[in-house]
Amino acid sequence: MMVTLKPLNMLTATEAISEIKGGKITATELMESCIKRIQEIEHKIKAWVYFDKEKALIQSKIVDKKINEGISTGLLNGVPVGVKDIFNTADMPTCMGSPVWDGFTPGNDARAVAYIRWADGVVVGKTVTSEFAVHYPGSTVNPNDYEHTPGTSSSGSAAAVASYMIPLAIGTQTAGSTIRPASYCGIYGFKPSFGLIPRTGMLKTLDTLDHVSFFSRSIDDLHLLLNVLRVKGSNYPYVHKYLDNSSGIKQVNDYPWKVAFVKTPVWCHAEEYAKDSIIDFVSKIDKCDGINLEEIELSEDFNLAHDVHEQIYSKALSYYYKEEYENHIDKISDMFKEMVEKGRRVSYDEYMKGLEKQNLFIHQLDYFFDKNEYDAIITLSTAGDAPRGLYTREKKDSCLIWTLCHVPAINLPVFKSPKGLPFGAQIVARQYRDYNLLNFARYLNRKGIIKLWNEEKVNSGEVLSIH
């Protein structure tokens, strides 16, 4: 049946769905192509902690059977999806990057995983995460240079998508665990507004910071997966007001777009080539018809954002991982022990004051957007390209500011460092303006401002070469 000339594992999710619906390919053929890619390159990338090709093919064949019998299929229509190994899966282990939970089978699906299955997505397997989704890395390497880190805890999901094993994967972000690996691996990463995607049945690290997120190789795919995963209906009043009501969503051609370029308090940590890249990118945007751009500084209060984040984060870890620390200390890393011990030194009053400061940041940023009527903020995703070595700590970046403030953020994979490695620009919008942010990204794309860092290699097929 296969007609398309492009290798099927190179298709984006939306491209693949169009081909399947058009009868040009089957879901099984798509899955077989992804399996072939996984078998070719996984031994080098090490993106998967669990993968069962037979289970994947069974799911694909079920979708094809539905299509052949004229039964309506869900939005994902047989598209393969990777799942970060902190989400419960009924038919796969969930080990959370730790030997403490080695072999654990929860017996149920996390809500996000259930939504993927209900939409006829094929849950391919579990992607590598750092220990308890914090700092100590897993085995995954950067697909663009195996000597470099793929980023923090959603590393396996990002690397699997970036290396064309699968078109979509879900992850999480509590600090920078989506935007950072997306930036380092050179793909799109989307952290939606806090609470927009249910967190039932997944690892918990901090109630006020954990976000469900996802990775793709196109903006349209981000939109697709948001539609699959997000909550809907009047039981979620803010979501219902701003996302269910299409009349309140700014469309692609509803310009002018009002945009703020913000260097953020961590600008001093960025590499010079990264600063030059974002300034040049912003200059192109400023010259674009339909965009009004201003360079703005955040209030000095945001200088404390990293300290506040670390305080409440470490305290929450010391609470949620008390049992692992006290009963399995020989199975946890020194890095994680240090975080727990730091959290134990944070008093209850200090923790509560930290949460109060977080709420202050949320309200200040919301006021910043509202008062100035900004549609988006543009800033760097990371301080530069991926550091060499899996255990190297990244330089400070602005990711956790936007996590702390609960706003949607997207990594745009547009920059290439002097070493030829990717890093990204980050766009941010007001909370619950997720579709507005996606449409702003689409506008930049239509204007030719978003040029993928490896576009020439993608067009030539060179990205499929195995190092």
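**Exercise 1. Determine which helices the buried residues of α10 pack against.**

Solution. Helix α10 covers residues 305-320, where helices are DSSP runs of H or I with at least four residues, numbered from the N terminus. The model is predicted, so local features need pLDDT of at least 70 and side-chain atom pairs count only at pLDDT 80 or more, while totals for chains, interfaces and linings use all residues. Residues are numbered from 1 along each chain as its sequence is written, and side-chain values use heavy atoms, with hydrogens and water left out.

Step 1: list the buried residues (buried: under 20% relative accessible area; exposed: over 50%; partly exposed: in between; 1.4 Å probe, protein chains only). In α10 they are A305, H306, V308, H309, I312, Y313, S314, A316, L317 and S318.

Step 2: find their partners, with contact taken as heavy atoms within 4.5 Å. These residues pack against α11 (322-327), α12 (334-344), α13 (348-372) and α14 (399-404).

Step 3: check the helix length. From first C-alpha to last, the 16 residues of α10 reach 22 Å, close to the expected 22 Å; the expected span is 1.5 Å times one less than the number of residues.

**Exercise 2. Explain why C185 has no disulfide partner.**

Solution. Step 1: apply the criterion, a pair of cysteine sulfur atoms within 2.5 Å. The cysteine sulfur closest to that of C185 belongs to C399 and is 13 Å away, too far for a bond.

Step 2: repeat for C399. Its nearest cysteine sulfur, that of C405, is 13 Å away, and C399 is in no disulfide. The structure holds zero disulfides.

Step 3: assign burial. C185 is buried at 2% relative accessibility, and C399 is buried at 0%.

**Exercise 3. Describe how α1 and α7 cross.**

Solution. Step 1: take the axes, which are lines fitted to C-alpha atoms over the stretch in contact, with angles from 0 to 180 degrees between N-to-C directions. The axes of α1 (residues 13-21) and α7 (residues 219-229) come within 7 Å and cross at roughly 75°.

Step 2: classify the angle. Helix α1 is therefore roughly perpendicular to α7 (under 35 degrees is roughly parallel, over 145 roughly antiparallel, 65 to 115 roughly perpendicular, the rest oblique).

Step 3: name the residues. A13, T14 and I17 of α1 meet D220, D221 and L224 of α7.

**Exercise 4. Place K66 and list its contacts.**

Solution. Step 1: K66 is in helix α3 (residues 53-68) and is partly exposed at 25% relative accessibility.

Step 2: leaving aside neighbours within four places in sequence, K66 contacts I71, S72, T73 and D120. K66 and D120 are 54 residues apart in sequence, with 9.9 Å between their C-alpha atoms.

How values were computed
Helix = DSSP H or I, 4+ residues; strand = E, 2+ residues; numbered from the N terminus.
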